[in-house]
Amino acid sequence: MKEYRADLHIHSVLSPCASLDMSPDNIIKSATEKGIDIIGIADHNTTKQCGVIKQLGEENDVLVLCGAEVNTKEEVHCLAFFENDKLLNDFQIYLDQHLPVVKNKPELFGDQIWVDKYNNILGEEDRLLIIGLNQSIDQVANKVESLGGIFIPAHVDKSRFSVSSQLGFLAADLNVSAVEVSRLVDMEQFSEKHKWVNDYSIVANSDAHTPDQIGSVNTSLLLNEATFNEVKEALLGKNGRKIININLYS
Ligand SMILES: [Zn+2]
Ligand SMILES: [Zn+2]
């Protein structure tokens with residue numbers, strides 16, 4: 001087994017808040033330059049840009065986990081990833097069903113376009129993607145679980161859109177693969193104040209909105225090979241796969 005570097009929280013051009021430079025080719029180029037082996041594409045409440053990035057990743061030896069950064073009814077951000085196109089599509093249908101219909105105002109919130117690998121625009125999302133679904137964190141976690149996905153409450157230490165800011169703690173019966181901390185976390189202080197976090201494995205990701213941020217924060221995983229299932233096993237500490245370290249300042 002060997003060490004793989006993972007950054008599982010990257011926004012593409014499709015997120016209204018991300019730079020238009022976050023095109024599939026720029027994302028893969030930046031990951032490769034930074035020595036990141038595994039990336040997660042996590043746009044707000046949508047998975048529609050993942051496929052093209054995954055394809056480019058395959059051509060460049062970067063494993064791309066496809067999913068989304070879901071905003072729940074409680075305004076808690078959670079990362080969700082799926083093993084294949086069928087499961088991803090099932091989750092996209094769920095997102096489409098449960099995203100309230102509020103029209104995006106691009107001049108206010110930013111563009112919501114997705115592109116092919118040559119950066120031709122394939123489509124534009126009319127609905128504002130950054131608002132909360134009409135689904136609770138329990139409902140989202142259960143949906144992800146039913147699709148065999150990876151579920152990671154995002155930036156749990158942040159003062160907005162997080163488990164700690166919105167809920168105070170994570171319910172013990174929730175099916176969680178790991179929890180994510182932000183680059184600003186003081187782990188000692190946070191785990192002292194929020195003891196529930198000690199029950200989970202911890203990952204750190206960049207939450208990149210521009211290409212230069214990709215990999216700036218990452219997590220070292222011990223895997224036999226870079227596959228969806230091995231990443232999931234590492235997060236859960238199964239079959240000798242594990243998280244080696246979180247790298248907050250690389
Ligand atoms: Zn977030
Ligand atoms: Zn994010």
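Donors are here the N, O and S atoms within 2.8 Å of the metal, and because water is not among the atoms, a site may look incomplete. In this predicted model, the donor residues of the zinc ion (ligand 2) follow the spacing H-x1-H-x57-E-x137-D along the sequence. They are His9 (NE2), His11 (NE2), Glu69 (OE) and Asp207 (OD), which lie 2.0 to 2.2 Å from the ion. The 4 donor atoms subtend angles of 80 to 173° around the zinc ion (ligand 2), and the arrangement is therefore irregular.

A second zinc ion (ligand 1) lies 3.5 Å from the zinc ion (ligand 2), and Glu69 coordinates both. Distant parts of the chain are linked here, since His11 belongs to the loop between β1 and α1 while Glu69 belongs to strand β3, 58 residues apart. Both of these residues, His11 and Glu69, are buried.

Strand β3 (residues 63-71) pairs with strand β4 (residues 77-82) in the antiparallel sense over 6 bridges, and Glu69 stands opposite Leu79 in β4. These strands belong to an open sheet of 7 strands with mixed pairing, in the order β7-β4-β3-β2-β1-β10-β11. β7 (150-153) and β11 (242-247) stand at the edges with a single partner strand each, so one side of each is left without a neighbour in the sheet. From one strand to the next, the twist averages 25°.

Two helices that pack on the sheet are set out below.

| Helix | Strands touched | Direction angle |
|---|---|---|
| α1 (residues 24-33) | β1, β2, β3 | about 145° with β2 |
| α8 (residues 228-236) | β1, β2, β3, β4, β7, β10, β11 | about 105° with β10 |

Note on methods. Residues numbered from 1 in each chain as written. Chains lettered and ligands numbered in written order. Predicted model: local features only at pLDDT ≥ 70, side-chain atom pairs only at ≥ 80, totals over all residues. Heavy atoms only, no water. Pairing = 2+ DSSP bridges. Helix = DSSP H or I, 4+ residues; strand = E, 2+ residues; numbered from the N terminus. Axes fitted to C-alpha atoms, helices over the stretch in contact; angles between N-to-C directions. Contact = heavy atoms within 4.5 Å. Donors = N, O, S within 2.8 Å, 3.2 Å for Na, K, Ca; no water. Tetrahedral: all angles 85-135°; square planar, octahedral: opposite > 155°, others 65-115°. Buried < 20%, exposed > 50% of the residue type's maximum accessible area, 1.4 Å probe, protein only.
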